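Hi everyone, thanks for coming. I'd like to walk you through a model, so let me put it up on the screen.

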Amino acid sequence: MKNKVVKGLLVTAIAATAFAGCGAKKSSSVTEITYWNFPNFAGDKEFKKNEDYDAALIKAFEAKNPGIKVKYQKIEFSDGPAKIEAAIQSKTAPDVIYDAPGRVITWASKGHLVPLDHVDTSKLLESAVKASSYNGKLYMYPQGVAPFTMGVNKTLTDELGITNLLPLAKEGRNWTVEEYEKFLRAAKEKLAGKEDVSPTLFYTKSQAGDQGPRAFISNLFNSWITDKDVSKYTINDEGGVKALEWTKKAYDAGLLGKGIALEAKDAVEGFKSGKLVSTILFSPGLAKQVEKFEYKFLPFPNSSGKATYEYLVAGPAIFDNKDAKKIEAAKKFIDFMINDADWGKRTLLASGNFSAVKGVTGLYEGEELKFAETLSSQFGPYYNTIAGFSQMRPLWFNMVQGVLNGQQTAKEGLDSFVTNANKTIAEAK
Amino acid sequence: MKHKTKKKKIDYSGYIFILPILTFFSVFVLFPMLRGIQLSLYSFTKRDPIFVGFKHYADLLLKSNDATIHTPFMKSLFNTITITAIAVPIVVLISIFIAVTIYDKKPAVRSFFRGVFYIPAISSVVSITVVWAWIYHPQFGILNYVFKNIGLIKESVDWLGDPRTAIYAIIAILITTSIGQPIILYVAALGNVPKDLLEAAEIDGATPWQVFRKITWPLIRPTTLYIVVVTTINSFQIFALIQLLTAGGPNYATSTIMYLVYKAAIIDGRHGLASAMGMILAIIIAIISIVQFKVLNKGTE
Amino acid sequence: MGKNKISIFKIFSWTILIGLTVFFIFPFYWIASGSFKLQDVAITIPPEWFPTKPTLENFSQLFTSSTMRWFLNSVFISLGTTTLVCTTASLAGYALAKKKFPGSNAIFVMFVCAMALPKQVILVPLLNLITEFGLMNTYVALIFPAVGWPFGVFLMKQFSHSIPNELLESARIDGCSEFKTFTNIALPIIKPGIGALAIFTFIASWNDYFSQLIFTNTPEMATLPLGLAQLAQGQEFANDYGLLMAGALVASLPMILVFLMFQNYFTQGVTLGAVKG
């Protein structure tokens with residue numbers, strides 16, 4: 001009797017597993033790979049939604065490679081990272097992921113990824129290759145690069161009569177903190193009585209989109225998060241402290257919105273729906289989502305007269321799921337995605353990024369994207385692959401929250417941030 | 001009601017009856033519990049697990065590794081206890097108050113109010129967080145709008161972003177989701193209080209408060225203690241509200257142990273550390289439960 | 001004079017009660033009315049207290065996505081959990097209440113202790129276990145651990161005490177097997193208890209957002225609460241409050257209906273589980 005119950009349980013368990021079985025083993029002729037993507041491909045003319053574009057891409061690939069089936073899953077920027085981590089830990093990681101070096105290199109350092117030795121890196125931008133490599137091996141196939149900038153709703157500034165305060169006519173559109181503050185104050189004044197519209201939103205709830213606030217602070221008084229060699233954190237220098245102090249003052253004056261409990265998606269949505277005059281997180285990819293008004297890229301205000309940009313490198317990487325067939329198939333898929341005669345360029349354009357191949361420019365029409373393309377000469381040191389990067393991020397946004405809420409001064413906050421962030425480098429090594 | 005088991009013979013068939021649940025329990029609760037103790041002694045942040053002994057416990061409880069481990073943990077522990085300490089008494093007070101007001105009314109009235117206050121408890125917590133996120137929104141939220149119009153505040157408040165309000169904003173939601181069961185229990189318990197006792201007291205000239213204090217309260221004490229235990233456990237488990245509304249911010253002002261365990265385990269992949277946190281939490285809950293059960297038993301006997 | 005006092009007291013307490021009712025009801029009103037608003041209406045201040053131009057747009061958008069699949073997953077997981085919990089718990093509760101065998105007390109105490117344990121305490125080992133068995137993204141991963149949680153045993157033990165020993169004795173004398181005695185004598189008596197437990201478990205497992213979040217990561221396995229959370233966290237619909245409210249409504253409405261339909265069972269279960277503890 002006892003045995004029967006145990007058996008019964010086992011049978012139930014097995015039956016249920018089989019019933020729910022994910023990726024049941026099929027006959028060997030077809031290799032199935034899983035492919036996860038954030039909403040990266042929103043800019044295609046025909047397929048407006050990310051998932052529709054990805055579906056079309058997969059269809060085209062499968063048509064050319066009948067032996068391979070690609071299973072797609074969309075993930076979000078806010079909860080996606082946790083999902084991938086959980087998937088890695090539970091050994092259900094996808095075969096292909098389209099992401100950025102910040103996470104990719106961390107996975108590479110833990111041995112979760114397949115090195116992409118077959119890629120010829122000589123034609124690619126050095127900065128992009130460097131960002132995508134770990135211990136001299138390429139782990140992400142860099143397809144696109146793009147600066148993170150600020151953006152402004154020109155339709156709205158025209159309406160408010162404050163477009164003349166923007167640096168649009170200046171060389172490189174560069175502007176100083178004073179000019180920026182004047183603009184924000186004017187916007188706030190003109191918006192009096194319109195409670196649902198704000199001059200901008202300085203958000204700092206979590207790590208989602210935290211490159212925006214980091215680039216913002218590091219630019220204002222010409223500081224940077226790390227040193228040039230990306231060996232230690234340096235944002236507590238004089239300029240960094242001054243920048244955070246200014247931010248706190250502007251926040252208290254109501255110029256930067258109330259973003260302590262809001263994140264990038266709130267800023268993006270607020271800007272898109274016309275509820276923010278300007279945004280501190282903007283990029284060619286995000287610009288493609290703007291439909292209702294005329295937008296302009298803006299540099300971060302920088303007292304030196306020339307902004308430095310954080311930039312995005314994006315491309316696919318392959319998880320090592322211990323199955324040579326799947327790895328082979330995954331390699332074919334990422335090659336298709338980047339190098340196929342039709343779909344390679346189309347995918348890049350859909351992502352809204354600029355090409356990571358040397359000398360390939362002028363892909364986009366329009367004044368704004370042409371302007372954005374010129375910014376690559378002002379890219380700052382790429383620090384998203386620094387050891388312990390993911391441990392540093394909560395230190396950053398919690399510190400900024402503490403300073404904005406007056407629990408610590410800018411100097412105290414930045415000093416302890418740098419001390420602790422430098423510890424994360426040592427710990428992760 | 002009490003059947004003494006003395007006369008019964010030992011009946012081994014009992015084992016067969018409890019075997020199914022015992023199997024599930026052993027595999028999915030007991031075994032993981034023991035495994036957790038083991039895992040808490042290892043570090044999983046590198047490629048291979050490394051035995052680190054009690055390092056995680058030391059990191060959590062002592063002042064090494066300050067900013068990334070100890071401080072968040074202590075803040076979260078403090079928040080968890082604060083949330084529980086504030087929410088539990090309020091839940092008890094409000095639910096007694098509501099139950100006292102409705103228990104002797106018509107069944108339809110009772111059902112109506114029981115329903116109203118139970119709905120938040122049975123609704124998906126995700127539904128509740130999305131609507132509250134909107135209500136609390138600093139720019140588009142209705143709370144700021146209403147409070148400004150009735151003159152309670154002058155400037156919009158960032159309810160979830162300001163450390164002075166964030167935890168209370170969370171507690172308010174927690175209370176709305178915790179009150180349904182206590183009300184049902186109190187209504188039932190009050191229904192069992194003998195009517196003639198109350199009437200006799202009123203005839204003797206006792207005020208409603210005296211009647212409540214001297215007669216009702218002692219009789220519903222066992223119910224109260226049960227409610228305290230259950231609400232404490234629920235408050236300790238608070239997770240979705242934190243994960244979806246504040247992600248523990250601002251500056252750990254609303255981070256709880258539950259959220260921190262999730263963050264360490266799932267977001268950071270620090271399995272050993274997360275297990276150690278779980279163990280410390282289990283010990284704390286065990287202590288609280290033992291104390292409460294002791295009091296509960298005293299109350300009934 | 002005494003009467004006067006009482007009526008002032010009454011007015012006072014009914015005022016507070018009505019205030020509390022509004023406070024509790026409002027979020028649900030806001031969900032319901034919000035689900036009929038378009039985005040540009042939803043984020044306008046001053047807000048529209050009542051949707052002046054109600055639209056079904058949000059619902060049609062919601063149902064083009066995978067909502068039906070989420071719904072079915074939720075139903076299946078909740079039903080599976082409920083069936084298993086009710087079976088195992090009524091067997092065990094009956095045995096613990098009515099049978100005497102070595103260790104029964106120890107086992108019961110162990111169950112009671114485990115009830116106080118938050119799930120997150122064993123998150124990591126459980127995740128490892130699920131992974132090692134290859135159960136990630138299966139219904140088993142969402143159902144079995146919930147069955148191991150012994151709340152039901154506790155409740156069913158309370159109910160089983162009310163089975164008269166004499167009945168069990170006479171069944172035995174008639175030569176009924178242990179199992180027959182259970183199904184023919186005990187089961188009909190504890191039926192109301194099983195009903196209460198079923199509703200409890202169904203709602204708890206429907207709303208078990210945490211397990212769903214951890215043990216699944218494919219769109220095929222998403223449940224209603226999980227799907228809603230994803231909508232709320234996504235870039236595209238993050239602040240599309242109308243759509244989110246429609247989702248919130250759809251995620252909660254089934255449970256509210258279950259509650260309203262079985263309110264009496266429910267009340268009975270809650271009361272018995274607690275008071276006789």
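Let me begin with a question: how many Å separate the centres of domain 1 of chain C and domain 2 of chain C, taken over C-alpha atoms? The answer is 32 Å. Before I go on, please keep in mind that this is a predicted model.

So, chain C. The division puts residues 2–58 in domain 1 and residues 61–275 in domain 2. Where these two domains touch, domain 1 of chain C brings 11 residues and domain 2 of chain C brings 11 residues. On the domain 1 side, the elements that give two or more residues are α1, α2 (39–42) and α3 (57–64) of chain C. Of these, α1(C) gives the most, with 3 residues. Sorted by class, that side of domain 1 has 5 nonpolar, 4 polar and 2 charged residues.

Staying in chain C, please look at two helices, α12 (residues 224–233) and α13 (residues 241–261). Their packing angle is about 170 degrees, and their axes are 9 Å apart. How should we describe that pair? An angle over 145 degrees counts as roughly antiparallel, so α12(C) is roughly antiparallel to α13(C). From α12(C), the contact is made by C:Leu224, C:Pro225, C:Leu228, C:Leu231 and C:Ala232. Facing them from α13(C) are C:Leu243, C:Leu244, C:Gly247, C:Ala248, C:Val250 and C:Ala251. By class, this helix contact has 10 nonpolar residues, 1 polar residue and no charged ones.

Now let's move outwards to the neighbour of chain C. Here 79 residues of chain C are in contact with 77 residues of chain B. Which helix of chain C supplies the largest share of the side that touches chain B? Helix α1 (residues 2–34) does, with 13 residues. The class count for the chain C side is 62 nonpolar, 14 polar and 3 charged residues. Helix α1(C) has now come up twice: in the contact between the domains of chain C, and here in the contact with chain B.

On to chain B, which also touches chain A. That contact takes 26 residues from chain B and 31 residues from chain A. Helices α1 (13–39), α3 (66–102) and α13 of chain B each supply at least two residues of the chain B side. The largest share, 4 residues, comes from α1(B). By class, the side of chain B that touches chain A has 13 nonpolar, 9 polar and 4 charged residues.

While we're in chain B, there is a loop I'd like you to zoom in on. It runs between α12 (240–245) and α13 (257–267), and B:Pro250 lies in it. The peptide bond from B:Gly249 to B:Pro250 is cis, with omega near -5 degrees. B:Asn251 is found in that loop between α12 and α13 of chain B as well. Its phi is near 50 degrees, a positive value in a residue other than glycine. Is B:Asn251 buried or exposed? It has 26 other C-beta atoms within 10 Å, so it is buried.

Chain A offers a nice partner for that story. A:Lys322 has phi near 55 degrees, again positive in a residue other than glycine. A:Lys322 sits in the loop between β10 (311–318) and α12 (324–339) of chain A. This residue has 8 C-beta neighbours inside 10 Å, so it counts as exposed.

Follow the chain into α12(A). This helix has 16 residues and reaches 22 Å from its first C-alpha to its last, close to the 22 Å expected. Its buried residues include A:Ala329, A:Phe333, A:Phe336 and A:Met337. Two lysines, A:Lys326 and A:Lys331, are buried in this helix too. Among the elements that cover the buried residues are β1 (31–37), α2 (50–64), β10 and α13 (343–351) of chain A.

Last stop: the domains of chain A. The assignment gives domain 1 as 2–145 + 312–378 and domain 2 as 149–308 + 387–428. Their C-alpha centres lie 30 Å apart. In the contact, 15 residues of domain 1 meet 18 residues of domain 2. Helix α14(A) gives the largest share of the domain 1 side, 4 residues. By class, that side has 6 nonpolar, 8 polar and 1 charged residues.

That's my tour, and I'm happy to take questions.

How values were computed:
Residues numbered from 1 in each chain as written. Chains lettered and ligands numbered in written order. Predicted model: local features only at pLDDT ≥ 70, side-chain atom pairs only at ≥ 80, totals over all residues. Contact = placed C-beta atoms within 7 Å. Nonpolar A, V, L, I, M, F, W, Y, C, P; charged D, E, K, R; others polar. Axes fitted to C-alpha atoms, helices over the stretch in contact; angles between N-to-C directions. Parallel < 35°, antiparallel > 145°, perpendicular 65-115°, else oblique. Domains from an automatic or database assignment. Buried ≥ 20, exposed ≤ 12 C-beta atoms within 10 Å, placed from the backbone. Expected span 1.5 Å × (residues − 1).
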